[in-house]
Amino acid sequence: MRTIVIHATVLTVNETNEVIYDGAIAFENGVLTYVGPTPEAVDTYDEVIDAEGRIVMPGLVNTHGHTAMSLLRGYADDLPLQEWLETKMWPLEAQFTEEHVRWGTSLSIIEMLKTGTTTFVDMYDNMDMVAELVTASGMRARLCRGVIGLCSAEEQTKKLEEASAFAAKWNGTANGRIMTMMSPHGAYTCPPDYVERIVARAHELDLPVHIHMSETEWEVQQNVNDYGTRPVEHLEKLGVFNRPTLVAHAVHLTDEELDTLAKYDVKVSHNPISNLKLGSGIARVPEMMERGICVSLGTDSSASNNNLDLFEEMKMVALLHKGHRHNPVLVPATEALRMATIYGAEAVFMDDQIGSLEVGKQADFIVLDSHSVFFQPKHDPISHVVYAASGRDVKDVYVQGTQLIKDGKCLTMDETAVIENANRMFEKLEKK
């Protein structure tokens, strides 16, 4: 079926950040076939949708998270990372079953869809369940079974084989909406030889690598204590960056380390709200941008955020570095928007398919109700999207041309049942 959306304010996020007033996008078989001014005649299309001046823009890309952890939202706030992990998160996560992952992930998927995210990265356990939910929901995802190697050699091998089998099984499935990665959790949670084994498997499967890196000063110092070097040099020596790599956080980096990331074209998932809430620090994003490093946006889990609204991350990244550096020109709105869209697509190695509204790309787009007072006057819609909007302004969401959210309602998942079961599963956890 040939569909066209007309009379929209179209934010293309193409190379020139073109904004098309009274614009239109058309798609067929899940692929964009037209992006431009609203045509005078649209009677050749099977379906015509009048956007009535609403904003149409690419779906957002969330490049780091742990979706099942939405069950722990608000459970352990206001703690430093290691205490938060070791005394609160890990003891409860150790109790997670496949059913916990099912309902926690379902809760996250609905939240992401309703706030405009169409593609997300997930690093967790019980990933077959996550992949099944992505398939059913209609979303797009880059999934990986996160592997912690602080265990016996037998357990390490079991986890590696499980992660590899998952990655091979699901890569390219759901009509191409699911892609996979290999994922050592971090340099401080995986012994060096284990990281090398995971990287070797990534080479065999021809997959990217996703890893936490340099999130806290503690982590960096621990790496020095354990291995005599900081995480970036450590991972470089282990060959991680010889694969296409997406690192999460990258908060505590030296100039030399930034140069190394640029040299290997390592992608960064910047998680400003999670990093601030956990007191982890502020990543050197302006210096990354100066070096041409691809900086994307992630929420991390809603246990440390506490939501998955990528509009909040856009606004935060645009404000945080201005205030921190006393420089109001850093990270302008146009760049913040690109971090949540086309740079996010690049970070997950899918920028040839998603991240901007251009002919030939996938029809992954969202529609914002821009008739509210805080979208007025309408002279700069990019500014309004970054500085004034929130995920609650999202009304319609499409992935591969299929509508998943209509007037704020999820069409592919039962929101009432998900909320009920998420609360039920949280109550079953034994808290200390």
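**Close-up views of a predicted model**

**View 1. Ring pairs join Phe27, Phe365 and Tyr398 into one cluster.** The model shown here and in the views that follow is predicted. Across the structure there are eight aromatic pairs, so there is plenty to explore if you like rings.

**View 2. Tyr75 and Phe426 make an edge-to-face aromatic pair.** Their ring centres are 6.3 Å apart, with 70° between the planes. This contact bridges distant parts of the chain, as the two residues are 351 residues apart. Tyr75 sits in the loop between strand E6 (60–62) and helix H1 (81–93), while Phe426 belongs to helix H15 (residues 415–427).

**View 3. Lys431 lies over the face of Phe426.** Stay with Phe426 for a moment: Lys431 is placed 4.0 Å from its ring centre, and the ring of Phe426 also takes part in the pair with Tyr75.

**View 4. Arg2 lies over the face of Tyr45.** Here the distance to the ring centre is 4.4 Å.

**View 5. Helix H12 (residues 333–340) is mostly covered.** Seven of the eight residues in H12 are buried, namely Ala333, Glu335, Ala336, Leu337, Arg338, Met339 and Ala340. Notice that the buried set includes Glu335 and Arg338 alongside Leu337 and Met339.

**View 6. Residues 55–402 are listed by UniProt as "domain: Amidohydrolase-related".** The listing comes from an unreviewed entry. Over this stretch the chain is 43% helix and 16% strand. The end C-alpha atoms of residues 55–402 are 18 Å apart.

Note on methods:
Residues numbered from 1 in each chain as written. Predicted model: local features only at pLDDT ≥ 70, side-chain atom pairs only at ≥ 80, totals over all residues. Heavy atoms only, no water. Buried < 20%, exposed > 50% of the residue type's maximum accessible area, 1.4 Å probe, protein only. Helix = DSSP H or I, 4+ residues; strand = E, 2+ residues; numbered from the N terminus. Phe/Tyr/Trp six-rings, centres within 6.5 Å; stacked < 30°, edge-to-face > 60°. Lys NZ or Arg CZ within 6 Å of the ring centre and 35° of its normal. UniProt positions renumbered as here; feature names shortened; annotations may be inferred.
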